[in-house]
Each structure stands twice: as structure tokens, then as C-alpha cells.
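Work through the exercises below with the model open beside you, and attempt each task before you turn to its solution.

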Amino acid sequence: NYIIENYFQKFLKIILFIGVVFFLIRVAEVGLTLNFFSDVRNVYNQRNFSILQWLGTHCTVIVYFLLILLGVRDAHNDLNIKLLLRTILFASPLFLANGTRTFLVAPILNYLASYLLTRSTLKKRFFSKIELYRISSLLGLSLLIFTVIGFSRGGYGDVFNFYLPIVGWPVSTAQQFNFWLN
């Protein structure tokens, strides 16, 4: 509670500032066009070292750490979707600067993992009906945006196929979770 109450908002503001600066640098580098996500992803895949990218990587770790703390705290109280959404929004410029889309799913999964693990030790009911509705809606919306970014990055053909975003991409992404977690 102490860290969440006293430092959470401050960290989010710092991460937002660094993310916006990083995003603006990327926009200046590749331009803000319809091919933005594919162009940014190509720059990111070159893996050229920069101090800002190094700082961005460390900010990402801070975001996930804060989400785990938030999940533990909320397990004792109630699901706090507003603060989870705020965290995703404040961290999104940092992730968008690299053309990644995991920022839509990974924070939710980190939060839920810590929330559910803590809830299981407290022997409380995992979700109420309203909490289940909220988290399902958030995850569904995140996956929809996730698929649109994936399509705009390219590599899945020239025509938007509903099968790929609904079945193919989430399945292939779920297969990568083990790799990401390691």
C-alpha cells in the first residue's frame, strides 16, 4: 500500500514523460505515416544501442513491477481497473515507440497473475460477476487493438482476414508467452 499510495502516480508520470520523448524521437526518425508500426518495428529490430532505449527497457521493468504490486494490493480489496488502465495508457508511448503491441496484453496478465495468486492464498473468491465482466471487456478490447496493430505492421497479407486476428494471432501470441516470461 505504501508504494502504491505514495509513489505509483509519480512513477507513471516519469514513465509517461520518457515514453513521449522516446515516441517523438521515433516519429522524427521514421515519420508518422500509415506504415508507422512496420517502420518503427524495423528500426527496433536493428537493435542499435541508445541510452533512451536502455532507459525505456528499465522503465518497462518498473511498470511491470508496479503492476504486480497493484495486483497484490487489489487482491486484498477489489479489482482496480481504472488504475490498471491508467498504467497501460501512461506506458503506451514507450511501447509504441518500438512498434510493439504486447503493452496491451502483458500488463493485464502481470496484474491478473499477481491478483489471482494472492487471492488464492487469501482463500477468497477469485472474481465477482462484475469484476469478471470488467476484466473480460478490457482484455477483449486490448486484443482487438492488438490485432489492428499487428495487421498494420504487416507480414499477414494485404487483406484483413477476420480468421487471423480472432484465431491465428491470439494463438500464436499465446504460444510465445512462455518465451516472454522466461
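The three exercises that follow concern a predicted model and go from the overall fold to one helix and then to one pocket.

**Exercise 1. The protein as a whole**

Describe the secondary structure of the protein, and then characterise its burial, its contacts and its surface.

Solution. Begin with the elements: the protein holds 7 helices and 0 strands, so that the pattern read along the sequence is α-α-α-α-α-α-α, by the DSSP runs that define the elements. Next take burial, where 39% of the 182 residues count as buried. Then turn to the contacts with a separation of 6 or more, of which 74% join residues 24 or more positions apart. Finally, the accessible surface of the protein comes to about 10800 Å², and carbon and sulfur atoms account for 66% of that area.

**Exercise 2. Helix α5 and Leu-109**

Compare the expected span of α5 with the distance between its end C-alpha atoms, and decide whether Leu-109 is buried, partly exposed or exposed.

Solution. Step one is the span: α5 has 17 residues, which at 1.5 Å a residue should cover 24 Å, the expected value being 1.5 Å times one less than the number of residues. The end C-alpha atoms of α5 are 24 Å apart, in agreement with that expectation. Step two places Leu-109, which is found in helix α5, residues 106-122. Its relative accessibility is 33%, and because this value lies between the cut-offs of 20% and 50%, Leu-109 counts as partly exposed. By contrast, the buried residues of α5 include Ile-108, Tyr-111 and Leu-112. Step three looks beyond the helix: Leu-109 and Leu-67 are 42 residues apart in sequence, while their C-alpha atoms are 9.4 Å apart in space. After the helix comes Lys-123, which has a positive phi, near 55°.

**Exercise 3. The second largest pocket**

Determine how much space lies in the second largest pocket, which element gives the most to its lining, and how the lining residues divide by chemical class.

Solution. The volume comes to about 150 Å³. The elements that give two or more residues to the lining of this pocket are α4 (81-96) and α6 (129-153). Of the elements, α4 gives the most, with 5 residues. Among the lining residues are Leu-85, Ile-88, Phe-103, Leu-141 and Ile-145, together with Ser-92 and Ser-142. Sorted by class, the lining holds 9 nonpolar and 2 polar residues, with no charged residue.

Conventions. Residues are numbered from 1 along each chain as its sequence is written. This is a predicted model: local features need pLDDT of at least 70, side-chain atom pairs count only at pLDDT 80 or more; totals for chains, interfaces and linings use all residues. Side-chain values use heavy atoms; hydrogens and water are left out. On a 1 Å grid over the protein atoms alone, a cavity is a set of points where a 1.4 Å probe fits but cannot get out, and a pocket is an open set with protein on both sides within 12 Å along at least five of seven lines; lining residues have an atom within 4 Å of a point. Grid points are joined across faces, edges and corners, and a volume is the space filled by probe spheres set on the points. Helices (H or I, at least four residues) and strands (E, at least two) are DSSP runs, numbered from the N terminus. Ala, Val, Leu, Ile, Met, Phe, Trp, Tyr, Cys and Pro count as nonpolar, Asp, Glu, Lys and Arg as charged, and the others, Gly among them, as polar. Buried means under 20% relative accessible area, exposed over 50%, partly exposed in between (1.4 Å probe, protein chains only). Contact means heavy atoms within 4.5 Å. Accessible areas come from the Shrake-Rupley method with a 1.4 Å probe; for residues, only the protein chains shown count as cover.
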